[in-house]
Each structure stands twice: as structure tokens, then as C-alpha cells.
Amino acid sequence: MQILPLAGGIQPLSASYFSSVSSLSLPIFYHNDSCKVRCVACSDRAPPSSSPPADVVGKTKRVVSWSHRRAAVASVQNSTDLASSLASAEEVLQVQDLNIILRHFGESKRWQDASQVFYWMQSRGKTNFASYSSFIKFMGKSHDPKLALQAYSTIQDDSTRYNVSICNSVLGCLIRNGKFDSSLKLFSEMKKGGLKPDVVTYSTLLAGCTKVQHGYQKALDIVQEMKANSVQMDEVTYGTLLAICASNNLVKEAETFFQQMKDDGVVPNVFHYSSLLNAYSAEGNCEEADKLLHDMKSAGLVPNKVILTTLLKVYVRGRFFERSRELLVELETLGHAQEEMPYCLLMDGLAKAGHVDEARAVFDDMRSKDVTTDGYAYSIMISAYCRSCQIEEAKQLSRDFEACFAKYDLVMLNTLLTAYCRAGEMDSVMQLLKKMDELAISPDYNTFRILIKYFAKERMYQLAYRMVEDMHGKGYQLDEELCTDLILLLGRAGASSDAFSVYNMLRYGKRMISKALHEKVLNILVKGGEHKDAYVVLKDNMAHISRYSTKRFALAFMRSGNINLVNDVIKALHTSGHRINQEVFRLAVSRYVGKPEKKELLLHLLQWMAGQGYVVDSSSRNLLLKNSDLFGRQVLAEILSRQHIMSKKLRKQENVG
């Protein structure tokens, strides 16, 4: 369970350092209340006093008093007609004043107004590096990286384009919006253009490693580059590395970085201890967690809400439930249990350990104390009831949730769906799906799995098939076990073409599938008369199909498959090492006799048979002679004569042998 970043009235460590990093969802590192903060992107702020700035003292030409500039800034910030206000104050406002306005709108999350101010500044040449840095950072926060990149692309001057503050903002914007790979590619281009990365740059990239696959290895690559460029690691980079280790359950690696940090003279703060504690929670390592807490107190640091909540997670994961309850009481006494998180940790641990009644007792206790909840506690208990097959209790709690909460998120909707599906409450399932549409909440991988299993169980195969189609269309990796079950059910229901479609979605989903599935699909297609599709499956997976199923397919295809492909099928079977039996040839000849217009295919087959050592049996020979006028007596007689001579030779060889 994710532990929230530290909060409270503690001041961030440094000013210039966080100018770019602050735009990310990074952990915040704290030092003490005496630290003063000033952001690089805000370094052109006017002094917060009524006295004029030093650069206008003594000037006589076009001097604009600070009071006039300050009044103009306030006028624009409070205006309902931004374009008009900017035009009126154009002669008064300087770049640093406009940056103040830009930041005001950005910090107020008035993204459209911030954009309008920035484009107005651009059009009049009233921008500097801080203007671009701020605007790009705010576009990242508004989840509009496209606008941020467009603004960056308009910078023509290389010294501005590769200014470290601007580059850090661009990289931070991409990472905030889940574009880590794009940020690495752009970072490489920036370095070629002249960027000299600083510790903020590398911390920004490291933050992206917390959310991607193989993030730990990528983080090591970034650290290696830092060392190569003689960029010293600090408390932020170490803290991010510890968080990456914790998220990947790399306990030993986290301990190594923690010790390395101390060896480098970087004093651990509360966040560092919290991250290492979080790493211990993966294994429920209570002994090491207690030692770390003792070290922290010895260093003069007081455990806060985050530390104690993380420690609770360690105890729960280690199944030390009695100590967990004691720690929860301590959190309540300290006023750190006013929200549901600590209760949820204990409830979830108890439920997964099979102590559902004890989990319910914690849930009831939480509700009796009017603890603030977003419904996550309900989700835990509903899931617990479903796992323990207490379906009626799960249904009732689901109804309680829907009665108490007007808002839904995807996790809660999936939990409710699970409860209703297990209970077979079709109406409730459909109502929830309708609610998802109304709230414009898109289904995720779990949603599709829940619905596919449910519709398949209820024999609503077409609905299950549509769910697989939607799941595949949205780019989710299909689950082989789930799809195999559905393929077999569709086959039994006579929907062989739909079964083949699911098979293809699974097959082309960039993953290996079990060899046995190919034969199962082949048999479904043969039974359903889908001979052409069956031929595709057989031809692509001949080595994985048994001789019995291959023969069954061949006979079925000769009887009713596409006559134009009969020769191709026979040749494919022969090429794969299957000896064609006389029954297959007899059926093929019979098909051709019934279609005299296909005589060229028949003659070609007979000639091919002779070349491969196959002979026409007496039954097929008599049938051909009886219908020789349809295929050309002379040509047919020559072919059958050669066949007869070859047959004698084969019998003679067999007798000698």
C-alpha cells in the first residue's frame, strides 16, 4: 500500500534545488524550519515591499515606480478581461512582473489564463528563461505536455534552449505525464545541444524510474552517469534511490544506499528512514524495522505520522497483529488516525490472513469513530467477504457503500462488480456498468477479467466474447487461461468462428501460448465446419498437432473443405512428414469425380501421387475408369497405367523384403 509523502509545516531544504523538481510527484525532503526558500524559476520576483528596486534608483529616463508596477500586476491578476488589462499595462510591466502574473495563474491552476499570459509575453518578446521554465512546469501540472513541448520548440537561442532550468522543467513535465522513455530520448538530444545536467536534472530522471518497468536498473545507469560527470549525489537523489528500492522490494540494495549516503556525509532525514522502513515492509522484517526506528530516535528525529504508519505496515506484513493493534492505538492517541489509512492496513492484513471477523471488528471500530474514509475500507471488506465466500455480506456492504457514497473510482467499482458477479446479481452488474458509462470511467484489466469470467459462467458467451474484443482493442494483454476457457465454451456452444477469433487475438498478443491450445482450436474448427481456418491452424502448428487430430482434419477437409485447396492440403500434410492414407485419396478422388470442371486438379493430383510414390487403390481406380469420359480417356489411361506399373514394383519390393 502506498504511503503518502510527508506533510506538515516543515520547510523544504533548498530553493534553487526544487525549482524544477517541485513539478514532479517527488518525495519532499525536509531539514528544519530555519531554511529559507526561493525558486530558481521565481528568481526574478520583485521584492515584497513598497520600496523601489535597486535598478531604478537614480534613473530619470522612463522611470516607472515600483508602486505603479505593483499596481499593474494586481490589476492584471484581478481582471476579468485579461487581454484588455495586459494591453493597458504593456508600457508599465517588465518581464519579471509578467513572470509574477504567469506564476500567479499557474499556482492557482488557472491554466488557460497562464497560457494566455505566456503567449502574450512571447508575441511581444517579453520572456526570459524563467518564463519558459514556469510555463512548461505548469503545463506539466495541467497534464498538457503537448503545449509544453510546443513552447520549448519555439526557443531559437541555444543558450536559452539548453538552459538547465528550462530543460529540467521539460523533462519533469514529460515524466509527470508518464513519458519516461521520451524524456530519456530528449535528454540525450539536450546533452548533444549543450545542456550541462545538474543534480536536479538527474533527480528528475530518477523520479521517473519509480514508475517504470526495470526502473532500478535504469536508475543505476543514471547514477553511473552522475558519477562520470562528477555530479555529487545529495539527500534528494539518495532519497529517490531508496524509494525505488522499496518499490521494487530490494531490501539489501536499499540498505547499501542508506549506508553509502551516511558515508558520503549526507545526514538521513525522516523521508530516508521512511523509505527504508517501506523496504522492510515487503518481507515484514519487524526486527530490522525496530532497529531502524531506534537509530532514528538516537539521531534526534521524532517519528511522525508517515514513519509510524509505515512501521504499522511492517508489523502487518509480518503478521504481528497484536503489535499492529497496539501501534494503531498509539496512532489514534497522537491524532494520526483521523483518516482510514492505518485502519485499512490492519484490516487488509487480517482479511488476507483469513481473520475476516477480526477485520470486520476493525472496520466497525473505524466507522464508530467517524474516521474519514474515501470508501477504500469498504473495498477491503467487500473483497474479504468475496474471498471467504460470504456473498450475502459482500452484497449488503456493497449496497451500504452505494447508499453512503456518491463518488466512485475504478478500484471501488471493480470491487463492487466482483461482489455482484459472485452473487449472480445480473441487474446490479448492469447498473454498475451503466454507472461507469455515465461517469466516463474506463474499464481496466481487472474490470475485463471480472466481466469475462462472469459472462462465461452465466453462459452469456457472446457478451464474454465482446469483452475480450474490447479488452484486446484497448491494448490489454489477454490472459491465456481465461481465453482458453472461453474458447472451449464458445466451441461447445457452436460459435467456432468466435473461438477462432479469440485464439487469434491471443496468438498475436506478442506472447507465447501453450502448444496444446493449437490442437484444441483445430478440433473446434473441424467440428464447426470451419475447414479453411482449421487448415491455417494446422499449417502453422503442424509439429504440435497429434496424428489423430491431423487425420481427423484431413478426412473432414476431403469431404467438405474448399475443393480448390484439396491438393494444397494433401501436399502440406506430406511435406510435414505425414504419410497420406488411401482413405484420404479416395475421398479426394470422389470429390473431383463429382466436379468434372475440376479435372485439371484431379490430373495434377494423380501425377503428383506417382511422383511421391503413392498409388491409387482399386476402389478409386474403378471410380476413375467408370468416369473416364469426363476427364479424358487417353490422359487418364496413361496416368493409371503408370500408377499400375509402380504398384507392381512396390508389391514386388515388399515381397522381396
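A residue counts as partly exposed when its relative accessible area falls between the limit for buried, under 20%, and the limit for exposed, over 50%. In this predicted model, aspartate 290 has a relative accessible area of 27% and is therefore partly exposed. The partner of aspartate 290 in a salt bridge is arginine 323, with 2.4 Å between N and O, and arginine 323 is likewise partly exposed, at a relative accessible area of 31%. The two residues belong to distant parts of the chain, since aspartate 290 lies in helix 16 (residues 286–298) and arginine 323 in helix 18 (residues 321–333), 33 residues apart. Arginine 323 also has its charged end over the ring of phenylalanine 320, at 5.5 Å from the ring centre.

The protein as a whole comprises 37 helices and zero strands. Of its 657 residues, 48% count as buried, and the protein exposes about 32,300 Å², of which carbon and sulfur atoms supply 50%. Among contacts with a separation of 6 or more, 63% involve residues 24 or more positions apart. The UniProt record, an unreviewed entry, places the feature "repeat: PPR" at several spans, including residues 198–233 and 269–303. In the model, residues 198–233 are 67% helix and 0% strand, with the end C-alpha atoms 10 Å apart, while residues 269–303 are 71% helix and 0% strand, with the end C-alpha atoms 11 Å apart.

Side chains of opposite charge can pair when their charged atoms come close, and a search of the whole structure finds 21 salt bridges. One of these joins aspartate 364 and arginine 360, at 3.0 Å from N to O; the two residues are four residues apart in helix 20 (residues 356–368) and are therefore separated by about one helical turn. Both ends of this bridge are partly exposed, aspartate 364 at 34% relative accessibility and arginine 360 with a relative accessible area of 21%. A further salt bridge is formed by arginine 507 and aspartate 540, whose closest N and O atoms are 3.4 Å apart. Because arginine 507 lies in helix 28 (residues 496–507) and aspartate 540 in helix 30, this pair ties together parts that are 33 residues apart in sequence. Aspartate 540 is partly exposed, with a relative accessible area of 46%. In addition, Glu287, Glu288 and Lys291 are linked in a network of salt bridges.

The aromatic pairs in the model number 18. The ring centres of phenylalanine 258 and tyrosine 273 are 5.3 Å apart and the ring planes stand at 65°, so this pair is edge-to-face. The pair links helix 14 (residues 251–263), which holds phenylalanine 258, to helix 15 (residues 270–281), which holds tyrosine 273, across 15 residues, and both residues are buried. Tyrosine 535 and phenylalanine 557 form a tilted pair, at 6.2 Å centre to centre and 55° between the planes; tyrosine 535 belongs to helix 30 (residues 531–540) and phenylalanine 557 to helix 31 (residues 547–560), 22 residues apart. These two residues are also buried. Elsewhere, Phe118, Tyr119, Tyr132 and Phe135 form one aromatic cluster, and the charged end of arginine 161 sits over the ring of tyrosine 152, 4.5 Å from its centre.

Threonine 447, located in helix 25 (residues 445–457), has a relative accessibility of 0% and therefore counts as buried. When residues up to four places away in sequence are not counted, threonine 447 touches Leu410, Asn414, Leu417 and Met436.

Conventions
Residues are numbered from 1 along each chain as its sequence is written. This is a predicted model: local features need pLDDT of at least 70, side-chain atom pairs count only at pLDDT 80 or more; totals for chains, interfaces and linings use all residues. Side-chain values use heavy atoms; hydrogens and water are left out. Rings of Phe, Tyr and Trp (its six-membered ring) pair if their centres lie within 6.5 Å; planes under 30 degrees apart count as stacked, over 60 as edge-to-face and the rest as tilted. Buried means under 20% relative accessible area, exposed over 50%, partly exposed in between (1.4 Å probe, protein chains only). A charge sits over a ring if NZ of Lys or CZ of Arg is within 6 Å of the ring centre and within 35 degrees of the ring normal. Contact means heavy atoms within 4.5 Å. Accessible areas come from the Shrake-Rupley method with a 1.4 Å probe; for residues, only the protein chains shown count as cover. UniProt positions are given in the numbering used here, feature names are shortened, and annotations may be inferred rather than shown by experiment. A salt bridge is a side-chain nitrogen of Lys or Arg within 4 Å of a carboxyl oxygen of Asp or Glu.
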